[in-house]
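Colleague: I would like a close look at a single part of this model, explained slowly enough for a first-year student. Could you take me through one helix and the places where other helices pack against it?

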Amino acid sequence: MSKVQKRLDYFKSVLEESQKLNNASCLLAFDRETICPKNAMAEHEDIEAYISNLNFKKFKDKKYIKTLLYFHKHINVIKDKYTRKVIELLYDDYCKNKNISAELADKHCRVFLKAFSDWQNAKKASDFNLFKESLQNVR
C-alpha cells in the first residue's frame, strides 16, 4: 500500500468516526426535541455538548491537520473528484476554525443548546421572557 493510500485511509477513518459522532448527536437532538423529560434536558445538553466537542477535537488533531495540509498541497495525487472536493471543503473549514479552541467551541455549543431548550420552554409557555437571557447570550 502506498503512503498516499495510507494517508487517504487514515483521513477517511477520521471522517467516518466524525460521521458516527454526528449521527449520535442528531439522535440525542431528536430525543431532546420529542420525548426527553423536561428535568432531563440539562443532562441531554451536557451529553450533546460532550459529543460535539469530541467531534471538534478530531479536526484539531495534529496528525489530521498534517494529513489535510498534505492533501491540500498535493491535491493532484487524488484522482477521485469527490475526494478532492471533500479535501477542499475540509481545508476551508480548517482555515475558518484553526484559531478556535476546543474550550471556546464547547462554550459556543452549550450556549446554543441551552438557548434552544429555553426557546422550547418559552414557546410552550407563551412567555418569551423565558428566552430573553439565552437570546442575549447567543448574540
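Modeller: What follows is a walk along helix 1, its contacts with two other helices, and the aromatic rings found there.

The model is predicted, so local features need pLDDT of at least 70 and side-chain atom pairs count only at pLDDT 80 or more, while totals for chains, interfaces and linings use all residues. Residues are numbered from 1 along each chain as its sequence is written, and side-chain values use heavy atoms, with hydrogens and water left out.

Two packed helices are described by the angle between their axes and the distance between the axes. Helices here are DSSP runs (H or I, at least four residues), numbered from the N terminus. Each axis is a line fitted to C-alpha atoms over the stretch in contact, and angles run from 0 to 180 degrees between N-to-C directions.

Helix 1 covers residues 3-34 and helix 3 covers residues 62-73; the two pack at an angle of about 125 degrees, with their axes 10 Å apart. That angle makes helix 1 oblique to helix 3, since angles under 35 degrees count as roughly parallel, over 145 as roughly antiparallel, 65 to 115 as roughly perpendicular and the rest as oblique. The crossing of helix 1 with helix 3 is left-handed, a term used if the near helix is turned anticlockwise from the far one by less than a right angle.

From helix 1, Val-4, Arg-7, Leu-8, Tyr-10, Phe-11 and Val-14 take part, and they meet Lys-63, Tyr-64, Thr-67, Leu-68, Tyr-70 and Phe-71 of helix 3, where contact means heavy atoms within 4.5 Å. Sorted by class, this contact has nine nonpolar, one polar and two charged residues; Ala, Val, Leu, Ile, Met, Phe, Trp, Tyr, Cys and Pro count as nonpolar, Asp, Glu, Lys and Arg as charged, and the others, Gly among them, as polar.

The rings deserve their own paragraph. Rings of Phe, Tyr and Trp (its six-membered ring) pair if their centres lie within 6.5 Å, with planes under 30 degrees apart counted as stacked, over 60 as edge-to-face and the rest as tilted. By this rule the count comes to seven aromatic pairs. In one of them, Phe-11 and Phe-71 have ring centres 6.0 Å apart and planes at 75 degrees, so the pair is edge-to-face. This pair links distant parts of the chain, with Phe-11 in helix 1 and Phe-71 in helix 3, 60 residues apart. Phe-59 and Tyr-64 also form an edge-to-face pair, at 5.1 Å centre to centre and with 85 degrees between the planes. Ring pairs link Phe-11, Phe-59, Tyr-64, Tyr-70 and Phe-71 into a cluster.

How open are these rings to the surroundings of the chain? Buried means under 20% relative accessible area, exposed over 50% and partly exposed in between (1.4 Å probe, protein chains only). Phe-11 counts as buried at 2%, Phe-71 is buried at 0%, and Tyr-64 is buried at 2%, whereas Phe-59, at 24%, is partly exposed.

Helix 1 also meets helix 4 (residues 81-97): their axes come within 13 Å and cross at roughly 65 degrees, again in a left-handed crossing. Leu-8, Phe-11 and Leu-15 of helix 1 make this contact with Thr-83, Val-86, Ile-87 and Leu-90 of helix 4. By class, the contact of helix 1 with helix 4 has six nonpolar, one polar and no charged residues.
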